[in-house]
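Colleague: I'd like a close look at one helix in this model, if you've got a minute. Let me put it up so we're both looking at the same thing.

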Amino acid sequence: MWIDSHCHLDAPEFDADRAEVIARARALAEAARAVAPAITIVGVFVDASVDEIERAAATVGLDVIQLHGREPAALTDALRARGHAVWRAVAMADDRDVVG
């Protein structure tokens, strides 16, 4: 089962309460694990810095970091070198990019 609950924390309108939002995300992750211990907690980031990603991953207890922007390969490498599982979103230009 997948549950997608996300927001774009890097948006300026979250500057004032970003720490509070991340703390609530941790509480939600803990509650989800209590109900479904095998759940995978994924944090989705769009063009965030390594420091921002690391802070959220450590605070929330993320199992996977998904990069959904135009992050350089070096960022992926740095996160993996620090022990994180990383997924990357792939942009599709049009329906010809989908095979099936």
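Colleague: Which residues are exposed on the other side of α3? And could you walk me through the rest of that helix while you're at it?

Modeller: Sure, just keep in mind that this is a predicted model. The exposed ones on that other side of α3 are A73, A74 and A81. Now turn the helix around. α3 runs over residues 73–81, and its buried residues are L75, T76 and L79. These three sit on the same side of α3 because they span an arc of only 100° around the axis. There's a simple bit of helix geometry to keep in mind here: an α-helix has 3.6 residues a turn, so residues three or four places apart point the same way. "Buried" here means under 20% relative accessible area, while "exposed" means over 50%.

So what sits over that buried side? Among the elements covering the buried residues of α3 are the helix α2 (50–60) and the strands β2 (64–67) and β3. If you follow the chain out of the helix, you'll come to G83 just after α3, and G83 takes a positive phi of about 95°.

Go a little further and you reach β3, at 85–88, with M92 in the segment after it. M92 is worth a click, too: together with V90 and V98, M92 forms a nonpolar patch on the surface, and the three share about 320 Å² of accessible area. That takes you from the buried side of α3, with L75, T76 and L79, out to a nonpolar patch on the surface.

Methods
Residues are numbered from 1 along each chain as its sequence is written. This is a predicted model: local features need pLDDT of at least 70, side-chain atom pairs count only at pLDDT 80 or more; totals for chains, interfaces and linings use all residues. Side-chain values use heavy atoms; hydrogens and water are left out. Patches are made of residues with over 30% relative accessible area and no salt bridge: like charges are joined within 9 Å, nonpolar side chains (Val, Leu, Ile, Met, Phe, Trp, Tyr) within 5 Å. Accessible areas come from the Shrake-Rupley method with a 1.4 Å probe; for residues, only the protein chains shown count as cover. A salt bridge is a side-chain nitrogen of Lys or Arg within 4 Å of a carboxyl oxygen of Asp or Glu. Helices (H or I, at least four residues) and strands (E, at least two) are DSSP runs, numbered from the N terminus. Buried means under 20% relative accessible area, exposed over 50%, partly exposed in between (1.4 Å probe, protein chains only). The arc is that of the directions from the helix axis to the C-beta atoms. Contact means heavy atoms within 4.5 Å.
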